[in-house]
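Me: I'd like to learn how to read a few features of a model like this one. Could you walk me through it?

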Amino acid sequence: MENNKKDVILDGVIGGVCSAVVSFGLPFLFSNVQVPTVSMSIAFVLLAITIGEGIFIHKTNKKERKKDEQIAEISKARQDMDELIKKYEEVGITDCTGELKGTELEPMRCMKNVKHTLYFMGVGGSKWVMGSNGEYEQFEKMLKRVKASKKGDVRFLVIDPSGNGYKELEELRGKDAVPKESYRALFSLTQKYACMQVHLYDHLPSFRLQFVNDEYVTASRYFFEREKFYDSSRGWKNPHLIVKAETDLKYTWSLYDSFRQLYDYIWENSKDITELENTDILK
């Protein structure tokens, strides 16, 4: 295609030169007089027109080449993006939210989508059961729906409020940033619904995990320092990675099971919230 464009330009220039030669030379061949001024003028005009045409064609072809190059670059970028997305999907990564607030992952909206299972790991679980927007009532509605499911199961892994990890977190964030009210709410729900369990781990939380309906898990890191914690709006502004379970061939190397194995390990090595039943924390 590039050679064809060059040929068009070359043909135009050669044609112009030939036209000029003919216009200039014919009168000379058939007379012994000098070439008339008119013939010479016509020859130069034709030559100028042809050269101008060649320049115009060259510029036009240059614009077309630039356009073709841009199209090729866009096509290459799309191809690279498709390949990158495919690599992400192989390990189960399908999306990442800019924050928690206002997404399908935030507790109030997530609870409406829970059909049979919800496994959570966080600090105190206050976003699920505390607030003035009916969080506790929404949680109960979810538990009633889960209870009706044959494989219904809700598990919450939260930091032990009587352990060293909790004290360390209080020192980093301040006591007002680590409330204990959510523990009483979570405990009351375990007493009302057999499908609800709460375990307590005794170390600083590595990250927030949220498994929904055995379909996907979300992961987000925590800020321990008080300033960063409040800058992130107490976790509402934290980005969340979404990893799909291995339910499709394109998720062959999904990290979902790895996150689940970690969750199960911590769960098995933590204590049940009922061990705090006679303490001031649950009164």
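Reply: Sure, and let's settle one term before anything else: helices and strands here are DSSP runs, numbered from the N terminus, with at least four residues for a helix and at least two for a strand. Keep in mind that this is a predicted model. With those terms, Arg 234 sits in the loop between helix 8 and strand 7 (240-244).

Me: What is the phi of Arg 234 near, and how exposed is the residue?

Reply: Phi of Arg 234 is near 60°, a positive value in a residue other than glycine. As for exposure, Arg 234 is partly exposed, at 33% relative accessible area.

Me: Which other non-glycine residue has a positive phi, and where is it placed?

Reply: Take Asn 213, which is not a glycine yet has a positive phi of about 55°. Its place is the loop between strand 5 (207-212) and strand 6. Buried means under 20% relative accessible area, so Asn 213, at 5%, is buried.

Me: Back to the loop after helix 8. What about Pro 239, and what does it touch?

Reply: Pro 239 lies in that loop too, between helix 8 and strand 7. Its relative accessibility is 48%, so it counts as partly exposed. Leaving out residues up to four places away in sequence, Pro 239 touches Thr 97, Gly 98, Glu 99, Ala 219 and Ser 220. You can also check a C-alpha distance: Pro 239 and Arg 221 are 18 residues apart along the chain, and their C-alpha atoms are separated by 8.3 Å.

Me: Now pockets. How do you find where empty space is left?

Reply: The general idea is to roll a probe the size of a water molecule over the atoms, which shows where empty space is left. In this model, the largest pocket has a volume of about 620 Å³. Its lining counts 34 residues, and those nearest its centre are Gly 125, Ser 126, Lys 127, Arg 234 and Trp 236. So that's Arg 234 again, the loop residue with phi near 60°.

Me: Which elements supply the lining of the largest pocket, and what classes of residue does it have?

Reply: Helix 3 (107-113), helix 4 (126-129), helix 7 and strand 6 (216-221) each supply at least two residues. Helix 4 gives the most, with 3 residues. By class, the lining has 15 nonpolar, 11 polar and 8 charged residues.

Me: And a helix? Which residues of helix 6 are buried, and why do they line one face?

Reply: For a helix, look down the axis and see which way the buried residues point. In helix 6 (residues 164-173), the buried ones are Gly 165, Tyr 166, Leu 169, Glu 170 and Arg 173. Seen down the axis, they fall within an arc of 140°, so they line one face of the helix. The face turned away from that buried side carries the exposed residues Asn 164 and Glu 171.

Me: What covers the buried residues, and what follows helix 6?

Reply: The cover includes strand 3 (153-159), helix 7 (181-192) and helix 8 (226-231). Right after helix 6 comes Gly 174, with a positive phi near 100°.

Me: To zoom out, how many helices and strands are there, and what share of the residues is buried?

Reply: The protein has 9 helices and 8 strands, and buried residues make up 39% of its 283 residues. For contacts with a separation of 6 or more, 75% are between residues 24 or more positions apart. The accessible surface comes to about 17000 Å², and 56% of that belongs to carbon and sulfur atoms.

Conventions: Residues are numbered from 1 along each chain as its sequence is written. This is a predicted model: local features need pLDDT of at least 70, side-chain atom pairs count only at pLDDT 80 or more; totals for chains, interfaces and linings use all residues. Side-chain values use heavy atoms; hydrogens and water are left out. Buried means under 20% relative accessible area, exposed over 50%, partly exposed in between (1.4 Å probe, protein chains only). The arc is that of the directions from the helix axis to the C-beta atoms. Contact means heavy atoms within 4.5 Å. On a 1 Å grid over the protein atoms alone, a cavity is a set of points where a 1.4 Å probe fits but cannot get out, and a pocket is an open set with protein on both sides within 12 Å along at least five of seven lines; lining residues have an atom within 4 Å of a point. Grid points are joined across faces, edges and corners, and a volume is the space filled by probe spheres set on the points. Ala, Val, Leu, Ile, Met, Phe, Trp, Tyr, Cys and Pro count as nonpolar, Asp, Glu, Lys and Arg as charged, and the others, Gly among them, as polar. Accessible areas come from the Shrake-Rupley method with a 1.4 Å probe; for residues, only the protein chains shown count as cover.
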